[in-house]
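Visitor: Please take a close look at one part of this structure, the open sheet and what is attached to it. I would like a connected account, with the rest of the chain as background.

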Amino acid sequence: MSWNWNSHGLPFLPGYTFRDVTKSAFHRPQTLDYRNGYALPRRPTVGIGQDPLLSEQLIQQQLSELVFETPDLTYGSCDESLSEDFIPAHVALDKKVLRFFAYFQEDILYSPDEVYRVRPVVVYYYLEDDSMCFIEPMVENSGIPQGKRIKRQRLPKNEHGEYYQWKDLNLSMDLEVYGVKYHITQCDAFTKEFMESEGIILNEPEQMPTDPYSKLRKKPQPCYTTPSEFDRMHQFLTMDRKVLRFFALWDDTDSLYGETKPVTIHYYLVDDTVEVREVHEPNSGCDPFPVLMRRQRLPKKMKSETFPSCVLELSKDEVDEYYSPKDFQVGQTVKLLGRRFLLHDCDGFTKEYFQKNHPDMEIKPTEVSKKVDRTQERKKEVPPYNGFGSLEDSLQNCLSLIPEPPKKNVLKMLENDHKVLRYSARLDSQNPKDEGRRFVLSYFLSSDMISIFEKSTRNSGIIGGKFLEKTRVPKPGCPVENPEFYSPADFAIGATVEVFSHRFVLTNADRYVLSYLESNASQIPSQTLESLRKKLNVGTANNQPGDRND
């Protein structure tokens, strides 16, 4: 019998509660139990005062419900509809942007030419995070900082903490952002299709108003100035980037250690300025100063001969006449700022200009004796190979002060990677101790390198191992400047390969060697293929390159 004192209506206060004298277990019971590695709630046990038959009946009822629900759990209910996969907004709306075209009016203060200015902007609305960005198109020579006006961010709608949504945007409406009122006029095709698909009816689009100041700038301004005798604007528009080029010799023999130096004279037709550039020659012993005389207008005749031009700067009032294209005639000497220049030739454009504008002037190019460059006639001699490193690496030290690694054929390395041709070889030597030595010669197709491995022979007194590191082996007698290296076409059975003064005789090869050479039979001599076929047909099927088969 269980004691339930709450049924007597006593308050739950100290002195009104009684402990259960029949209780003997005071531990905290476990609520979970492990079945097949899974934590499951424990089934309630039959307590004191409970009917064991009733609890067993409840357990049997639960088991029967599970049995009846098994087909639905296994095959699913027929009434259940297939649930669609959830796609988050940043995936479904990724790279989907609404684009609106708008403008705002900027008031211009203290300007007699304009009252306000219309500045167009492009509004981008990013659907993935409801952010907006305002971009003002760049206008050339506007003098206004343009570009990104408002960076991408969520824009506040009002002072209550709400933000602009795509539902708040429409055509022919005002959008106030940070105190500036933007008027939306148009949108692109994707924005129109998206808004109509969401059930929003767009207003009629409007035309972008024209800026009154820009319209005023397009009108030609009335000009009441008296036209000058010479139109500088016409000269700029017709002669811009047109330059006469003369090849001349500067006679500087009057100065100490002076000599005759080649120069180039440029006459700019756009503003009648002259520039003299010195032609720098290598190993001439002169500093490379390209500009001998800066670009300027050269006075030809002064109004006053007593003007101290060496002290004061010249102005238009002191100069009576400047140099013109007529003063530069090929074949004659011209004096510029006290220096004598012999014009001996000119370029093709200069000849066409004189034939068209000054046909009375004759152009007679003169031949000038050129200095013989002894350094160019001398041929570079490549020193003999010293044996250190490869031929290509050693040759780079002779070609440049800071040697660079030789270039490699990357395509060949990728196609022939891990492709190796192996041959058996013996050492051709007069020493009787070398008679029993056997080697494996490996040819790497990716880099055309050769490595030699010596087999260890018992009681021979010679330690086997690596005989030659991977390197490119040149043929004997080839020049150092253009060496010729060994290739698979040279490796026939019985052929002699000389590797750095060591002679090796090939005795056998892999079957892969024969299959590879047959696939490239057009590049391989027939004698090499016949020797390999003959040797491999005589050998056994398990013949290896290290086996001796004489």
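Guide: The protein chain has 11 helices and 22 strands. The model is a predicted one. Of the 550 residues in the chain, 27% are buried. Its exposed surface comes to about 40900 Å², and carbon and sulfur atoms supply 52% of that area. Among contacts between residues at least 6 apart in sequence, 47% join residues at least 24 apart.

Now the sheet. It is open and has six strands, in the order 6-5-4-3-8-7, with antiparallel pairing. The edges are formed by strand 6, residues 147–153, and strand 7, residues 173–177, each of which pairs on one side only. On average, neighbouring strands in this sheet are turned by 30° against each other, direction ignored.

Within that order, take strands 4 and 5. Strand 4 covers residues 116–126 and strand 5 covers residues 131–136; the two pair in the antiparallel sense over five bridges. One position to look at in this pairing is Tyr-124, which stands opposite Cys-133 of strand 5.

A helix also belongs to this picture. Helix 3, residues 189–197, lies across strand 3 (97–107) and strand 8 (180–187). The helix runs at about 110° to strand 3.

Next come the charged side chains. In general, side chains of opposite charge can pair when their charged atoms come close. The whole structure contains 24 salt bridges. One of the links joins Arg-152 to Glu-128, with the closest N and O atoms 3.1 Å apart. Arg-152 sits in the edge strand, strand 6, while Glu-128 is in the loop between strand 4 and strand 5; the pair links distant parts of the chain, 24 residues apart. Are these two side chains buried or exposed, or in between? Arg-152 has a relative accessibility of 38%, so it counts as partly exposed. Glu-128, with a relative accessible area of 28%, is partly exposed too. The cut-offs behind these labels are under 20% for buried and over 50% for exposed.

There is also a network of salt bridges, which links Glu-106, Arg-119 and Glu-136. By residue number, Glu-106 falls in strand 3 (97–107), while Arg-119 falls in strand 4 and Glu-136 in strand 5.

Two further salt bridges can be set beside these. Asp-254 and Arg-340 meet through their side chains at 3.2 Å, N to O. Asp-254 lies in the loop between strand 9 (243–251) and strand 10 (260–268), and Arg-340 lies in strand 16 (residues 339–346), so this pair ties together parts 86 residues apart in sequence. Asp-254 is exposed, at a relative accessible area of 63%, whereas Arg-340 is partly exposed at 32%. The other bridge joins Asp-33 and Arg-35, where the closest N and O atoms are 3.5 Å apart. Asp-33 is partly exposed at 24% relative accessibility, and Arg-35 is partly exposed at 48%.

Last, a nonpolar feature. Leu-10, Leu-13 and Tyr-16 make a nonpolar surface patch of about 280 Å². Leu-13 is placed in the segment before strand 1 (32–35), and its relative accessibility of 45% makes it partly exposed.

Key
Residues numbered from 1 in each chain as written. Predicted model: local features only at pLDDT ≥ 70, side-chain atom pairs only at ≥ 80, totals over all residues. Heavy atoms only, no water. Pairing = 2+ DSSP bridges. Helix = DSSP H or I, 4+ residues; strand = E, 2+ residues; numbered from the N terminus. Axes fitted to C-alpha atoms, helices over the stretch in contact; angles between N-to-C directions. Contact = heavy atoms within 4.5 Å. Salt bridge = Lys/Arg side-chain N within 4 Å of Asp/Glu carboxyl O. Buried < 20%, exposed > 50% of the residue type's maximum accessible area, 1.4 Å probe, protein only. Patch = residues over 30% accessible without salt bridge, like charges linked within 9 Å, V, L, I, M, F, W, Y side chains within 5 Å. Areas by Shrake-Rupley, 256 points an atom, 1.4 Å probe, with all protein chains shown as cover.
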